[in-house]
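The questions below work through the cysteine pairs of this chain and then turn to the packing of two helices. Please look at the model first, and then follow each answer on it.

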Amino acid sequence: MVPEMHVNKSAQTDENKPQVGGSKAGTCCSHSPADWCSGSSAMREARLCFRALLIATSLQTLTASDFHLPGDYVLGGLFSLHAETVGNSHFARAEVPRCQTFNLKIVGYSFLQAMRFAVEEINNSSTLLPGISLGYEMVDVCYLTNIVHPVLYFLADNHYKVHLQQNYTRYRPRVLAVVGPDSSPGAVTVANILSSFLIPQITCTATTESLRNPERFPVAFRTIPSTEQTIKAMLLLLKHFHWNWVIVLFGDDEYGQENLKLLQFWATGVCIAFQESIPVPRESKKLSLEQQAKVQDIINMLRRSTAKVVLVLTLDLTLPFFFQEAIRQNVTDLVWIGAEAWATDPSLHSITNISRLGTFLGLAVREVPIPGFSTFRVKSPSNQTEGAGTWASDQGTCNQVCDRCLSATKQKEKELRGSGERIDFNVYSAVYVIAHALHRLLRCGSAGCHKRVVYPWQLLPEVRQVDFSLLDNKIRFDENGDPPNSFVIVQWRWDEDNHPFKKIAYYSTMHQKLLFGTDNISWHTPGNEVPVSICSYQCIPGQRKKPVGLHPCCFECVDCEAGTYFNESDHYNCQPCLATQWSNVRSQACYPKVVTYLAWDDHRAVVLLIVSLLGLLTTLATLLTFAFHLRTPVVKSAGGGMCLLMLASLVICFLNILAYVGIPTVFKCVWRQTVYSLGFTLCISCIVIRSLQIVCILKLMAKLPKAYNYWTKYKGPYIFMAVVLALKAVILMINFIISSPAPVELPLEDNPAVLVLDCKKTHAFLEMLDTALDMSLSVLCFCFAYAGKEFPKNYNEAKYITLWTTSYFTTWVILFVAITAYPGVLVPFFNALFNVVNLLGIVIGYFGPKCYIIFFHPERNTSAYFQTDIQTYTMRQK
């Protein structure tokens with residue numbers, strides 16, 4: 001009979017019991033009427049539940065379950081015994097759709113037998129539920145076409161009625177708990193309905209993430225890990241074999257979309273060459289012409305793609321035609337990674353020539369052998385334990401006495417044994433979960449159980465708290481209703497009849513690690529090498545990735561340039577070195593730059609010091625010579641006491657050359673920029689004064705006597721010297737304020753790996769001003785000397801000063817060219833050498849001739865000789 005809908009207006013709420021179901025009469029789920037128009041998925045599913053119950057009121061008959069067993073507490077089972085198509089639930093039909101025996105799904109029948117085996121094993125046990133018998137009602141849901149009707153049948157009471165009440169606390173449906181169904185979409189649909197009645201549901205194959213919401217589905221439990229765990233295991237598998245260039249194929253249904261979404265969320269370092277949805281057959285077991293064309297297009301894309309690894313995230317229902325077409329188009333040399341839904345499907349494994357497609361790897365739940373189950377699965381009811389109840393005998397369907405089911409199972413027994421009792425154990429353990437929950441609820445002991453009426457809502461908290469071991473496996477649930485079970489990675493083999501699905505790795509959901517237990521993996525490649533599926537080969541150390549196209553896995557390798565280095569934290573950019581560091585091309589780290597300076601043991605420094613020492617000794621000898629002959633006419637004509645000042649400044653300037661050798665310090669930098677500059681300027685100003693005095697005495701004294709008197713009376717030479725030195729001091733002081741002299745590490749343009757330790761350069765304008773002052777004094781010397789070119793020989797300094805000034809200007813040009821052409825430590829060397837040449841020019845050019853007369857022509861160093869020379873010049877002028 002059909003479950004009729006009756007409103008029990010007299011039902012009262014028991015305040016001491018949880019209120020199950022809607023709060024208003026006439027509703028089937030715990031939602032207010034205003035919620036039925038909501039656009040959320042939860043409300044849509046609730047409306048589906050409501051619609052199903054309303055339709056049930058118009059049905060007049062409902063065939064009983066083909067697989068049933070009476071008992072004190074009855075369990076419901078939903079399994080796909082026939083699943084060749086996907087279609088809509090038949091809400092308008094008066095009977096549950098019949099599934100034909102010739103399309104028997106052997107795996108689904110094996111699940112059904114596992115539930116039967118567990119129930120009979122528990123009933124025959126005297127420890128778990130002594131004195132209590134479990135029964136079952138199992139229905140073929142035909143994948144998705146027969147989901148709602150069996151649930152309505154389970155909700156109905158023994159009189160085929162579903163009473164609509166304000167409170168379902170005292171409502172007793174036909175079953176106490178439900179095992180299944182064995183598809184994710186079907187499990188969600190059933191969970192939506194059962195949640196309104198708080199009837200525990202334990203699914204064994206539904207990995208969908210939707211069931212992990214205890215607020216939405218408080219009754220949903222499962223004995224298989226979630227989709228998220230399968231995706232994480234797949235990604236670890238890709239990482240282990242260094243596959244980052246993959247193809248993703250997914251079913252165009254809820255299962256495929258969910259798997260794809262999670263893959264895209266969790267995938268890091270993996271690029272998808274392309275992703276396509278495999279069409280699912282609907283309404284007919286065959287694909288339409290349009291769907292077949294799409295499958296052919298997908299396979300053509302597979303053949304053209306450079307990716308060699310294919311992730312297939314779909315249910316087994318979509319794959320037979322797909323693989324057959326791939327074989328027909330001669331697809332080879334690929335690695336196929338299967339989702340748990342089809343990874344151990346024996347019917348797919350037995351497709352003719354499927355091994356030609358390449359290597360098949362897949363995720364599967366761990367295999368747990370159930371003692372005695374393989375024999376039980378193929379036995380007829382007459383050979384099994386008694387107490388199986390009265391079996392229906394309907395030749396139109398496959399039921400417990402149908403020889404066709406047993407015959408088909410025996411034919412596939414070899415394949416079933418090879419695939420292992422994986423999901424069978426999940427079904428087996430689900431029944432034991434309910435039995436352990438009843439054991440706690442009924443307070444069972446060695447003496448028996450307290451048999452009483454049990455409502456589904458009472459069983460629910462006990463199911464949530466179960467914690468026991470079954471065949472050495474831990475059975476319990478977390479807060480989301482998920483088990484601690486783990487996955488294994490299996491490889492399809494055709495060379496081992498007893499092991500078509502060989503375990504090669506283990507995945508722990510708790511630790512989220514992939515552990516390989518064997519290296520004996522049979523690849524389809526020559527030499528059994530691990531297949532390669534990468535868009536671009538890894539760069540060698542010191543190279544960055546230059547993206548090519550839109551995929552981060554596709555790139556070109558570019559060497560990191562000198563001065564940069566490759567850091568593992570950023571694969572796409574080379575990091576610049578610090579200012580004090582350098583690196584060669586394709587470096588992975590920077591090293592300190594080489595710091596150079598004009599060292600004491602440098603051969604250039606040795607030459608410079610030798611020349612400077614000779615100049616210093618020469619200057620000291622000249623100073624002593626002039627001091628000893630200070631009263632002689634030659635010394636007086638050269639400047640007298642002023643010559644000693646000039647020579648003393650030259651001595652200090654020669655000593656300043658030492659500041660250019662060795663490690664620069666602040667003291668050396670100050671010494672360089674002050675001592676030499678002041679000493680050299682002082683020396684030049686003395687020469688200018690001496691040249692001016694000669695011109696004034698021999699030419700201007702007679703023409704401008706007053707000017708000459710003022711010059712001599714007011715100490716013009718010293719005032720001139722003080723003004724020049726004051727200008728020089730102001731320039732140096734301003735330079736110190738703007739750019740204080742200190743050692744700095746200057747980069748070398750032609751060799752960036754080297755730093756030159758030298759004094760900080762002076763400000764360009766101030767340096768030019770300083771040089772201009774010395775240049776001006778030199779020009780004045782040259783002008784005054786040129787003006788006195790006709791003076792007496794002993795007073796004619798023109799050719800000597802001209803020689804010195806020419807040398808001075810020439811060295812400036814040479815210095816500029818040398819510094820431009822030869823940077824680095826040659827800069828301070830040329831600076832020092834320039835200073836030495838200038839000093840030698842003065843010593844040799846100006847004082848050298850005087851010393852020559854003093855030592856080699858003493859007869860000319862007399863007052864009489866100088867007087868005669870002046871008289872001769874005076875007579876010639878007249």
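Q: Which cysteine forms a disulfide with Cys271?
A: In this predicted model, the sulfur atom of Cys271 lies 2.2 Å from its partner's sulfur, and the two residues form a disulfide. Cys271 sits in strand E10, residues 271-278, whereas the partner sits in the loop between strands E19 and E20, 282 residues apart, in a pair that links distant parts of the chain. The torsion about the S-S bond is 85°, and the link is right-handed. The partner of Cys271 is Cys553.

Q: Is Cys535 buried or partly exposed?
A: Cys535, in the loop between strands E18 and E19, is paired with Cys554, in the loop between E19 and E20, and the sulfur atoms of this disulfide are 1.9 Å apart. Cys554 has a relative accessibility of 9% and therefore counts as buried. For Cys535 the relative accessibility is 27%, and since buried means under 20%, this residue counts as partly exposed.

Q: What is the handedness of the disulfide of Cys577 and Cys590?
A: The sulfur atoms of Cys577 and Cys590 are 1.9 Å apart in this disulfide, and both residues are buried. Cys577 lies in the loop between strands E22 and E23 and Cys590 in the loop between E23 and E24, so the bond ties together parts 13 residues apart in sequence. Because the torsion about the S-S bond is about -80°, the disulfide is left-handed.

Q: Why does Cys653 form no bond with Cys683, the cysteine whose sulfur is closest?
A: Cys653 has a relative accessibility of 0% and counts as buried. A disulfide calls for two cysteine sulfur atoms within 2.5 Å. The sulfur of Cys653 is too far from that of Cys683 for a bond, because the distance between them is 7.4 Å.

Q: How are helices H5 and H6 oriented to each other?
A: Helix H5, residues 227-240, packs against helix H6, residues 254-266, with the axes 9 Å apart and at an angle of about 50°. H5 passes H6 in a right-handed crossing. With that angle, the two helices are therefore oblique to each other.

Q: How many nonpolar residues does the contact of H5 with H6 have?
A: On the H5 side the contact includes Ile231 and Leu235, and on the H6 side Leu262, Leu263 and Trp266 are among the residues that take part. Glu228 and Lys232 of H5 and Glu258 of H6 also belong to this contact. By class, the contact has 3 charged residues, 3 polar residues and, as the number asked for, 5 nonpolar residues.

Definitions and conventions:
Residues are numbered from 1 along each chain as its sequence is written. This is a predicted model: local features need pLDDT of at least 70, side-chain atom pairs count only at pLDDT 80 or more; totals for chains, interfaces and linings use all residues. Side-chain values use heavy atoms; hydrogens and water are left out. Axes are lines fitted to C-alpha atoms, for helices over the stretch in contact, and angles run from 0 to 180 degrees between N-to-C directions. Helices (H or I, at least four residues) and strands (E, at least two) are DSSP runs, numbered from the N terminus. Angles under 35 degrees count as roughly parallel, over 145 as roughly antiparallel, 65 to 115 as roughly perpendicular and the rest as oblique. A crossing is left-handed if the near helix is turned anticlockwise from the far one by less than a right angle, and right-handed if clockwise. Contact means heavy atoms within 4.5 Å. Ala, Val, Leu, Ile, Met, Phe, Trp, Tyr, Cys and Pro count as nonpolar, Asp, Glu, Lys and Arg as charged, and the others, Gly among them, as polar. Buried means under 20% relative accessible area, exposed over 50%, partly exposed in between (1.4 Å probe, protein chains only).
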